[in-house]
Amino acid sequence: MQIVNRIDKKILGDRLFLAAWIVFLLGRLLSLTEWCALSASNVFPTILQCMDYLGAALALLVIILNFIRRVYSWKVILVYGLFAVVVALSAWFSESRTFIPVFLIFGAAYKQSSRRIILTSAILTAAVLFVVVVCSQIGLTENMIWYRMQGERQVLRESLGFVYASTGASIYLGFLFQYVFLRKERARVWEFAILELVNVFFFLKTDSRMPFYFGTAILIFFLIETLFKNHWRITSHLKGLLVALPWVFCILAVLGGLLYDPASGSWQKIDAFLSGRLALGSNAISTYGIKPFGQSVTWIGYGSGNLDGAYNYVDCAYLQHLIQFGILFLLAVMVLYTIAILRSNKRKDFWLACILGMIGLYSITEPNLINLSVIPLPILAAAMIGERAVVYEKGWLKSVYEMQPDVQMQTAERAEKQAGPVSVKKNFVMNAILTVSRFVFPLISFPYISRVLLSAGTGRVSFANSVIEYFLMFSALGIPTYGVRACARVRDDKEKLSKTAQELLILNIIMCAISYVFLAIAIIVIPKLRNEKTLLIIISSTLLFSAIGMEWLYKALEKYTYITIRSIIFNAIGVICMFLLVHEQSDYIIYGAIGVGATSLGYILNIIHARKYIILKPLGSYDLKQHLKPVMIFFSMACAVTIYTNLDNVMLGFMKTDTDVGYYHAAVRIKTILVAIVTSLGTVLLPRVSYYVQNGQMEEFKRITKKAINFVFVFSIPVLIYFMIFAKNGVLLLSGSDFMGAILPMQILMPTLLFIGLTGLLGIQILVPLGKERYVLYSEIAGAVVDLILNAFLIPKLGATGAAIGTLVAEGVVLAVQIIALRKDDIGDAFRPVQYWKIVIAVVAGCAACFWVLLLDLGNFVTLLISAVLFFAVYAVILILLREPMAREILDILMSHLKGGETGDANES
């Protein structure tokens, strides 16, 4: 009791409920997957059952705490008491405890933030859907196949990693309900389009018609409401009718089951339209009857891990609850929906009232009326009673998470007006997500692609990409890096910024045209390129779109949030198209086209969106000469980097086979995504440090440099050690046994994480802002020469392994040259804050904690999962205990977030 008195009980109750909701919902969602149904032992199902109990226990603690705080009024206690009696009686007579945790969650949700509940649910639902569906497509989990006869046509249905073919589509429909509730009128047309594209994906894969029809109808309805909100607001005129709708649907469903006549042609047509729901409901009623408090019923359907017996599953939620849990339980559920719609109308949230009405209609054909794991919106009936609208003056992200939509918009606008320069930490996080997403999505697709196209097919696409990369390098002319610095220096003057951007755009387009001429000549002259001319021409479209995309402008303005969201959306579309369109080894050209299309669409959006920041109409009086000298230096740097980063694939393609290219490509895939994380900080720091140098703020320049170098050591060393140890498991998991030849090259490439991380900072963050680009160029030329010489000697004998050795040595040479170039600038000061011995001790402890996992035969996925958690958890804990500065700073930031306090001002870096 003394502990409770010392802390804010309201905050404690909110935290406990959020924990209960996350544990409960995550356990329920995972219980619907093949991982649970096809588990070889009882371990995983038992863990999920414990999660259910833990969620219920935490919810019970919240209820007890609410009693201590006297949150419940006598009226509320009376209503919940009546519901508790009904649930208890139904649980007793039906011999099912399914709804007891649900009831406790409802009780704990009283006066909680409805928006926070659904936002948490939407994030969890999206994450589980994404992981399960992707794993099912790349072979990490079972993708059960069923067939359904439609007339004389046999339709294939995939489970997408869930226990039933329709489960994934139903969960996605629940996500649509949540998304519409969260976004409301703020949703844009492109959001509706993407949501419908994913809806089509689920329909084509699972042939689940009802979720698809309902999802499409929902999106169209609310799109109309969004577009014509000032002229034709349907929802506001339906508020009286919406209260009665769930009762109308309930009565229709029950009467349909009671009155269904299999001999009547009219009833048969209605039953056919409802996919046989009426016949199943009628048979269940005649078999079991209807009782006040329910009865024990074992539902048997067509899914994974089901009991033997005749199919008797009743998909209609109203009839299922009526037969199994009784009349009183069904009435209690209908009262719940009535309360939720009444509260929605009182808050003038007619969108939510419409959504609840649609759920009532959908429940005629699906058993998800009160299934919170699929559709959690009914829980808002408890949350909205007495819910308070909370306004936070500080911590904008937290306010977005908890406040009502109108308050969110006002606070967001106020925050945007008051904000200074964008936080480096936020930029780093967003750029890390952006950079990783560009490789994560291909990495997600690669296990599937490698099994469809095999090493030869992936090698052909990798070879074509490497060839086009050289022409892209020539077309870009060093502008991607120089443009960031040039635009960052004049970003406070719109006219100067616009003129600079237009001059660089003109240079880019001129070089793009020249590049296409040289590409055409190369395809005509070189036989190997001529054999792949179709693939090369398709991939070469990146030359044009990258030229007009002006990615450097957005980086100079530090618009990493926009870049990240845009990139993730289009890459997600690309992955969906890949799963739908690539099915045979001959589809390697389609695979290459999808990769190009996802990137090119983002560049097109860039040029459209650029009018917000620059003037697009011609300004005249262009001075292109001022850019030529620095651009040529950056171009030379890009040449050197592109040569020794793509030289391996090209030389392997000419000197060895497509299979060797495939091996090396598989090893580089993993290395590239890890490098992207380590180098993200240097990328986002370029505009900031250029700004500091331009304005003479050298102390800030030095401070931020020291932190960045410490970051590289703390993050890169454990990652490279871990993936050297578990390289075999990583390659087999992502690529399959056909890529065993990629294991050794991957292990050899891992130390380059540290080398590239350091050269990215020494070159991009220190040498470039100081105007010493030529030293970066020298280092990269040295690396390219070393790489070329070593590849010429090693590739003929060692293949992909020889290419990996060449790259490792080349990256080491680049680092050595840059350190020598900075010796006069006392570069040692930047390395002194790094506490190397603490990092070494933490890495050794992490290895000791996870090495034993290799001795167990747990499968690649489970081995990597357990070992990664053990290794990185122990590593982080040891660093914190040893008080390593970077680890302590990250811990302090996390703790401040958990306490709801300040996260640092806008300029913190």
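Y722 and F871 are both buried, and in this predicted model they offer a convenient place to begin, since their rings also face one another as a pair. The ring centres of Y722 and F871 lie 5.5 Å apart with their planes at 45 degrees, so the pair is classed as tilted, the planes falling neither under 30 degrees, as stacking would require, nor over 60, as an edge-to-face arrangement would. Because Y722 belongs to helix 31 (residues 698–725) and F871 to helix 39 (residues 860–881), the pair ties together parts of the chain that are 149 residues apart in sequence.

This is one of the aromatic pairs in the model, for which the count comes to 19. Another of them joins F175 and Y179, whose rings are 6.0 Å apart from centre to centre and, with 45 degrees between the planes, are likewise described as tilted. Here the partners are local in sequence: F175 and Y179 are four residues apart in helix 8 (residues 167–183), and are therefore separated by about one helical turn. As for their surroundings, F175 is buried at a relative accessible area of 13%, whereas Y179, at 23%, is partly exposed, the boundary for burial being under 20%. The pair also belongs to a wider arrangement, for ring pairs link F175 and Y179 with Y172, F201 and F202 into a cluster.

F201 leads from that cluster to a helix packing, that of helix 9 (residues 189–206) with helix 27 (residues 560–581), in which the axes are 11 Å apart and meet at an angle of about 20 degrees. Since angles under 35 degrees count as roughly parallel, helix 9 and helix 27 are therefore roughly parallel to each other, and helix 9 passes helix 27 in a left-handed crossing. On the side of helix 9 the contact is made by W190, I194, L197, V198, F201, L204 and K205, and on the side of helix 27 by I569, I573, I576, F579 and L580. Sorted by class, the residues of this contact comprise 11 that are nonpolar, none that is polar and one that is charged.

A last stop is N66, which is found in helix 4 (residues 43–69). With a relative accessibility of 3%, N66 counts as buried, because the class takes in values under 20%. When its neighbours within four places in sequence are left aside, N66 is in contact with V71, Y72 and A108.

Notes: Residues are numbered from 1 along each chain as its sequence is written. This is a predicted model: local features need pLDDT of at least 70, side-chain atom pairs count only at pLDDT 80 or more; totals for chains, interfaces and linings use all residues. Side-chain values use heavy atoms; hydrogens and water are left out. Helices (H or I, at least four residues) and strands (E, at least two) are DSSP runs, numbered from the N terminus. Buried means under 20% relative accessible area, exposed over 50%, partly exposed in between (1.4 Å probe, protein chains only). Contact means heavy atoms within 4.5 Å. Axes are lines fitted to C-alpha atoms, for helices over the stretch in contact, and angles run from 0 to 180 degrees between N-to-C directions. Angles under 35 degrees count as roughly parallel, over 145 as roughly antiparallel, 65 to 115 as roughly perpendicular and the rest as oblique. A crossing is left-handed if the near helix is turned anticlockwise from the far one by less than a right angle, and right-handed if clockwise. Ala, Val, Leu, Ile, Met, Phe, Trp, Tyr, Cys and Pro count as nonpolar, Asp, Glu, Lys and Arg as charged, and the others, Gly among them, as polar. Rings of Phe, Tyr and Trp (its six-membered ring) pair if their centres lie within 6.5 Å; planes under 30 degrees apart count as stacked, over 60 as edge-to-face and the rest as tilted.
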